[in-house]
Amino acid sequence: MTPFTLLTEMESRSRRFASPLPQQVETVSTWRGIGFLLGNEQYVANMADVVEILQMPKVTRVPGVKNWVLGIANVRGRMVSVMDLNGLLGQPSRGNWRSQRVLVIEQDEYLTGLLVDAVLGMQSFPVDREAPAPQMSDALAPFVMKAFDRDGRNWPVMEFGELLRSPEFMNIAV
């Protein structure tokens, strides 16, 4: 048997026993965000809006501000104003200090920490599951433009950029 014949025979055996190519799978575009709780309601925020998630840092109270302004914290040498999101929106908090987290948002080089009742981790939604914003309270409606449906549950998308630019948020003095 010549080397060429041997190679030809090996090729034909390889082709006979080779696995077929995998089926081409249609990819689904996804939207990703950070899930969190306010009271008993779950929300999601765009992943690009949240730069960090912290346990409640030690804050220094600021006089002459509304009660939902918790104070200012030093986080790795940067000043972060910490706000109670439930308090700002006029709803009671259902969390305890063990579950509460601060979502840190950076806008125009300023860091703002928003205290939420719990963080539910990264959430992914197929973009074709986007839905109109559900009926919301007057306090929440300006900051929820859309939602995602998954497993029979509705996840309203909180627009933190809109929240941080709102007159309600900007007016912190008593």
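User: What makes the turn between β1 and β2 part of a hairpin, and which residue in the turn has a positive phi?

Analyst: In this predicted model, β1 and β2 form a hairpin with 2 residues between them, and Gly39 in the turn has a positive phi of about 65°.

User: How do you know that β1 and β2 pair?

Analyst: Two strands count as paired if at least two bridges are found between them, and strand β1 (residues 30-38) and strand β2 (residues 41-46) have 6 bridges in the antiparallel sense, so they satisfy that cut-off. Among the residues facing each other, Ile34 stands opposite Ala45 in β2, and Gly35 stands opposite Val44 in β2.

User: What makes β8 a partner of β1 as well?

Analyst: The cut-off of at least two bridges is set here against 8 bridges in the antiparallel sense, and therefore β1 and β8 count as paired. One of the residues involved is Leu37, whose bridge partner in β8 is Ala118.

User: Why are β8 and β9 called edge strands of the sheet?

Analyst: The open sheet has 6 strands in the order β8-β1-β2-β11-β10-β9, with mixed pairing. Within that order, β8 (118-126) and β9 (130-132) each have a single partner strand, so one side of each is left without a neighbour in the sheet. Neighbouring strands of this sheet are turned by 40° against each other on average, direction ignored.

User: Why is Met1 called exposed?

Analyst: Exposed means over 50% relative accessible area, and because Met1 has 73%, the word applies to this residue. Met1 lies in the segment before α1 (3-17), and together with Leu6, Leu7 and Met10 makes a nonpolar surface patch of about 450 Å².

How values were computed:
Residues numbered from 1 in each chain as written. Predicted model: local features only at pLDDT ≥ 70, side-chain atom pairs only at ≥ 80, totals over all residues. Heavy atoms only, no water. Patch = residues over 30% accessible without salt bridge, like charges linked within 9 Å, V, L, I, M, F, W, Y side chains within 5 Å. Areas by Shrake-Rupley, 256 points an atom, 1.4 Å probe, with all protein chains shown as cover. Salt bridge = Lys/Arg side-chain N within 4 Å of Asp/Glu carboxyl O. Helix = DSSP H or I, 4+ residues; strand = E, 2+ residues; numbered from the N terminus. Buried < 20%, exposed > 50% of the residue type's maximum accessible area, 1.4 Å probe, protein only. Axes fitted to C-alpha atoms, helices over the stretch in contact; angles between N-to-C directions.
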